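Here are a few worked exercises to go through with the model open beside you. Try each task before you read its solution.

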Amino acid sequence: MTYRSAVSVFFCLLIVLAALEFDQPKKHLFKYVLFFSVTITSALGLTKTLTGSHASSDNILLYGISFYTASIAYMLHCKQLSAKSIAICSNPLLLITGPIATCFRSIHHYSFKKRFTYFFPYVLVGLFLHQAIATPLTKAFDLIALTDMISSCAFAVIFELFVYANFCGLSLLIFGVCGIIGVRIPLNFRQPFSSTNIVEYWRGWHTSLSTVLKSLFYAPTKRCLGTFPAIFLVYLASAMWHGVTANFFLWGLFHASAFVLTIVCLRKAAFLTSFILMIAGVLIGRVLFADSDLDRLLEKLSFKYDGFVALTRLAELPNTSKLAILFGVFFIVAEMVFQKCKYFNKRNYKFYRIPIIQLLLLVITLVTICDQSGVDYAVYGQR
């Protein structure tokens with residue numbers, strides 16, 4: 001175990017002790033150990049840091065450990081742990097890329113026709129996001145090596161598009177498949193970009209993890225120390241769950257600070273400032289998230305100007321990758337611009353479930369799959 005890994009494990013221990021101290025009643029230390037078990041395995045080199053770049057593990061016994069242990073920790077906290085609940089969160093579909101099994105109920109009382117009619121459109125939307133946007137964008141991943149300001153920003157935009165399309169796409173696909181076979185699971189994404197500030201953004205991003213973090217860390221800490229310390233503890237816990245590298249520690253501190261500043265802005269009705277803070281927070285946060293090379297990351301954060309090298313690299317991308325960037329930008333901008341529209345305001349991807357839009361998405365997806373451009377993998381399926 002390296003020095004940095006040892007420091008990360010020690011830091012996780014402090015978070016566990018803090019959360020346990022504020023948790024009432026003071027039981028179930030094991031739920032925190034479970035939650036951070038993936039952090040321990042990462043520190044030992046058994047699982048990979050979750051930067052979003054393709055990093056598979058050779059140990060099949062640890063496949064899906066991050067979702068599996070987080071699910072059990074949540075069930076233990078809610079006093080819902082049983083042989084049945086353990087079997088539920090062991091479902092291979094959920095272990096591929098989540099969501100964490102915070103809720104799981106049978107909907108077999110609806111006919112197969114009704115279930116298929118409602119849930120199959122989610123499958124198509126998920127396939128479009130994953131195949132037509134996320135997979136072709138992997139061709140642009142070499143931009144991570146460039147450290148100038150323009151290249152760093154370009155990579156942040158592309159990588160945000162990739163992570164959203166990949167993770168949300170697979171989550172929607174699994175949501176749809178589970179619904180068709182008669183099981184309702186959490187909708188893990190709720191149009192996060194249909195937001196005016198970063199508080200709303202996080203309410204729509206990886207909602208099942210947010211539920212776990214709120215229950216295990218935020219609620220007990222808020223009761224004792226108040227809102228702001230609880231927010232910092234939540235983001236630092238989330239950072240350690242994602243990885244044991246310095247970039248995730250910086251990511252946790254950065255997003256916690258942005259969250260707190262947004263709350264202050266909203267209290268003062270500074271809505272434009274909170275919106276700008278969301279855009280900057282998402283982009284800078286993605287730069288921190290993606291690069292575990294600390295020296296290179298610090299060079300990026302110096303924001304030096306070195307021309308438009310990134311534009312030359314982007315011009316060399318295959319046409320499918322260029323189209324993926326356009327599709328991704330459109331998808332996010334549509335969420336922002338039309339968030340008050342009836343097809344967007346419920347934040348459940350209703351617009352993309354309209355029959356004519358479904359047909360268009362299907363055609364684009366099939367054409368992209370035939371092109372076979374990029375690397376196909378699950379961002380959160382690395383461990």
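**Exercise 1. Which element gives the most to the lining of the largest pocket?**

Before we start: this is a predicted model, where local features need pLDDT of at least 70, side-chain atom pairs count only at pLDDT 80 or more, and totals for chains, interfaces and linings use all residues. Residues are numbered from 1 along each chain as its sequence is written, and side-chain values use heavy atoms, with hydrogens and water left out.

*Step 1.* Set the terms. Helices (H or I, at least four residues) and strands (E, at least two) are DSSP runs, numbered from the N terminus. On a 1 Å grid over the protein atoms alone, a pocket is an open set of points with protein on both sides within 12 Å along at least five of seven lines, while a cavity is a set where a 1.4 Å probe fits but cannot get out; lining residues have an atom within 4 Å of a point. Grid points are joined across faces, edges and corners, and a volume is the space filled by probe spheres set on the points.

*Step 2.* Look at the lining. There are 29 lining residues, and W202, S210, V234, Y235 and F259 sit nearest the centre of the largest pocket. Two or more lining residues come from each of α8, α9 (198-204), α10, α11 (227-242), α12 (246-267) and α13 (271-290). The pocket's volume is about 650 Å³.

*Step 3.* Pick the top contributor: α10, with seven residues.

**Exercise 2. Describe the course of helix α10 (residues 207-225).**

*Step 1.* Find the bend. The helix turns by about 45° at K214, taking the angle between axes fitted to the seven residues ending there and the seven starting there.

*Step 2.* Check burial (under 20% relative accessible area is buried, over 50% exposed, partly exposed in between; 1.4 Å probe, protein chains only). The buried residues of α10 include L209, V212, L213, L216, F217 and P220.

*Step 3.* Step off the end: G226, just after α10, has a positive phi of about 100°.

**Exercise 3. Is K300 buried or exposed, and what does its side chain reach?**

*Step 1.* Place K300: it lies in helix α14 (residues 294-300).

*Step 2.* With a relative accessible area of 3%, K300 is buried.

*Step 3.* Follow the side chain to the backbone oxygen of I144, at 2.9 Å. That's a polar contact (a pair of N or O atoms within 3.5 Å; within protein, one must be able to donate a hydrogen and the other to accept it, and residues adjacent in sequence count only if both atoms are side-chain atoms).

*Step 4.* List the neighbours. Beyond four places in sequence, K300 is in contact (heavy atoms within 4.5 Å) with I144, L146, T147, S152, V287 and D291.

**Exercise 4. Which residues line the largest cavity?**

*Step 1.* Search the whole structure: one cavity of 30 Å³ or more turns up.

*Step 2.* Read off its lining: L129, I133, L161, Y164, A165, G328, F331 and I332. At least two of the lining residues come from each of α7, α8 and α16 (319-337).

*Step 3.* Zoom in on L129. Leaving aside neighbours within four places in sequence, L129 has contacts that include A165 and F331.
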